[in-house]
Amino acid sequence: GFIMRQIMGIQVGNREHEASRVQELLTKHGCIIKTRLGLHESSAAHCSTSGLILLEFLPDTDDEIALMKKELSTLESVLVRQMEF
């Protein structure tokens, strides 16, 4: 059968301030994460203070995904978006 794929994008606006808390939450909910991809803008001159993390979740984890989104959304510079395929 067809399985819905849950994808979450997490934009961290202030990595210096929020990165450790974001990492803590990703570790807390690590068992539901199938794939994690981290993207950030950088150049030879500097490393960006913002970053983007893309997550793909295991199937049938909607309740925990919702909890994780709620917890991440309490962080000041963090923006969370979700997609379903």
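**Figure 1. Leu39 and the nonpolar patch.** With a relative accessible area of 38%, Leu39 is partly exposed. This is a predicted model, and here we zoom in on strand β2, where Leu39 lies. Leu39 teams up with Leu37 and Leu52 in a nonpolar patch on the surface. Together the three leucines offer about 230 Å² of accessible area.

**Figure 2. The negative patch around Asp62.** Four acidic residues, Asp60, Asp62, Asp63 and Glu84, gather on the surface as a patch of negative charge. Asp62 sits in helix α2, which covers residues 62-73. Is Asp62 buried, partly exposed or exposed? Its relative accessibility is 45%, so Asp62 falls in the partly exposed class.

**Figure 3. Asp60 and its backbone.** Another member of the negative patch, Asp60, is found in the loop that runs between β3 (51-57) and α2. Most residues other than glycine have a negative phi. Asp60 isn't a glycine, yet its phi is positive, at about 60°. Asp60 counts as exposed because its relative accessibility comes to 79%, and the cut-off for that class is over 50%.

**Figure 4. His29, tucked into a loop.** The loop between α1 (15-28) and β2 (33-39) is home to His29. The relative accessible area of His29 is just 2%, so this residue is buried. Which residues does His29 touch, leaving aside those up to four places away in sequence? The list is Glu64, Leu67, Met68 and Glu71.

**Figure 5. Glu16 meets Thr49 across the sequence.** Glu16 belongs to helix α1. At 74% relative accessibility, Glu16 is classed as exposed. Follow the sequence and Thr49 is 33 residues away from Glu16; in space, C-alpha to C-alpha, the two are 6.8 Å apart.

**Figure 6. Where the close-ups fit in the chain.** Two helices and four strands make up the secondary structure, arranged along the sequence as β-α-β-β-α-β. The C-alpha trace spans about 50 × 25 × 20 Å along its principal axes. Of the 85 residues, 32% are buried. Take the contacts between residues at least 6 apart in sequence, and 71% of them join residues at least 24 apart. About 5800 Å² of the chain is exposed, with carbon and sulfur atoms supplying 54% of that area. As for charge, the chain has 9 positive and 12 negative ones, and their mean positions are 1 Å apart.

Technical notes. Residues numbered from 1 in each chain as written. Predicted model: local features only at pLDDT ≥ 70, side-chain atom pairs only at ≥ 80, totals over all residues. Heavy atoms only, no water. Patch = residues over 30% accessible without salt bridge, like charges linked within 9 Å, V, L, I, M, F, W, Y side chains within 5 Å. Areas by Shrake-Rupley, 256 points an atom, 1.4 Å probe, with all protein chains shown as cover. Salt bridge = Lys/Arg side-chain N within 4 Å of Asp/Glu carboxyl O. Lys, Arg positive; Asp, Glu negative; His and termini not counted. Charge placed at Lys NZ, Arg CZ, Asp CG, Glu CD. Buried < 20%, exposed > 50% of the residue type's maximum accessible area, 1.4 Å probe, protein only. Contact = heavy atoms within 4.5 Å.
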